[in-house]
Amino acid sequence: METPVEQAALLRRHGVQVTAQRLAVLRAVAERPHSTAADIGIAVRTEIGAISLQAVYDALGALTERGIIRRIQPAGSPARYEDRVGDNHHHLICRACGKTIDVECAVGSAPCLSVADSSGYEIDEAEVIYWGRCPACVTAGV
Ligand SMILES: [Zn+2]
Ligand SMILES: [Zn+2]
C-alpha cells in the first residue's frame with residue numbers, strides 16, 4: 001500500500017487537488033476494496049473526524065473521474081469503489097450477503113470477452129459480474 005506522500009503525489013499527477021479529506025477517502029478505498037460510499041464515510045470519520053456523506057461522494061467522484069479509483073455498480077446494490085484500476089479485472093458477488101471479490105480478467109487483457117455481434121462498435125472493455133453465493137453462504141444454506 002502506498003504511503004500518504006505517494007498518495008498525495010498520485011492525486012497531483014492526476015490533476016486532483018490534494019486535501020486531507022480526499023487522501024483519507026483514497027486510503028479508506030485502498031484498505032477496503034469494494035466498499036460503498038457509506039462504508040467509506042464510516043472509515044474516514046474514524047480517521048479524520050467529521051466528514052459529511054456529501055463530501056465523501058464529492059471525493060469519490062473526483063477520484064473516479066480521474067481514473068484513480070474505479071466505481072462498480074452491481075444491479076440492485078449501491079455503487080462500490082476500489083483502487084485497483086486499469087487491469088480489466090472482474091467481480092464475483094454473493095447474492096445472499098453481498099461479499100464481493102476480484103477475479104482476474106479471463107484472457108489477461110481488455111476487452112476480455114468477445115461479443116457474438118459487435119454491431120460495428122469498437123469495443124475496449126468488458127465489465128463482468130458473476131453472481132452466485134459465497135462459500136460461507138453455501139455452507140450456511142442461505
Ligand atoms: Zn455470501
Ligand atoms: Zn475489484
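1. A salt bridge here is a side-chain nitrogen of Lys or Arg within 4 Å of a carboxyl oxygen of Asp or Glu. The side chains of R32 and E31 satisfy this, with N and O 3.2 Å apart. The structure is a predicted model, and by this rule it has 6 salt bridges.

2. On the R32–E31 pair, both residues fall in the intermediate exposure class. R32 has a relative accessibility of 34% and therefore counts as partly exposed. E31, at 43%, is partly exposed as well.

3. A second salt bridge joins the side chains of E47 and R27, at an N to O distance of 2.5 Å. E47 belongs to helix α3 (residues 37–48) and R27 to helix α2 (residues 20–31), so this contact ties together parts that are 20 residues apart in sequence.

4. The exposure of these two partners should be stated separately. R27 has a relative accessible area of 16% and is therefore buried, the cut-off being under 20%. E47, with a relative accessibility of 39%, counts as partly exposed.

5. E104 and R84 form another salt bridge, in which the closest N and O atoms are 2.9 Å apart. The pair links distant parts of the chain: E104 sits in the loop between β5 (100–103) and β6 (129–132), while R84 sits in the loop between β3 (80–82) and β4 (90–94), 20 residues apart. Salt bridges with shared partners join R84, D87, D102 and E104 into one network.

6. As to accessibility in the E104–R84 pair, E104 reaches 56% and so counts as exposed. R84 has a relative accessible area of 26%, which makes this arginine partly exposed.

7. Turning to the metal site, the zinc ion (ligand 1) has as its protein donors the SG atoms of C94, C97, C134 and C137, which lie 2.2 to 2.3 Å from the ion. Along the chain, these donors follow the spacing C-x2-C-x36-C-x2-C.

8. Which arrangement do the 4 donor atoms around the zinc ion (ligand 1) adopt? Their angles run from 103 to 113°, so the arrangement is tetrahedral; the criterion for four donors is that all angles lie between 85 and 135 degrees. For reference, the ideal angle for four tetrahedral donors is 109.5 degrees.

9. Are the zinc donors C134 and C137 buried or exposed? C134 has a relative accessibility of 9% and therefore counts as buried. C137 is likewise buried, because its relative accessible area is 8%.

Technical notes
Residues numbered from 1 in each chain as written. Chains lettered and ligands numbered in written order. Predicted model: local features only at pLDDT ≥ 70, side-chain atom pairs only at ≥ 80, totals over all residues. Heavy atoms only, no water. Donors = N, O, S within 2.8 Å, 3.2 Å for Na, K, Ca; no water. Tetrahedral: all angles 85-135°; square planar, octahedral: opposite > 155°, others 65-115°. Buried < 20%, exposed > 50% of the residue type's maximum accessible area, 1.4 Å probe, protein only. Helix = DSSP H or I, 4+ residues; strand = E, 2+ residues; numbered from the N terminus.
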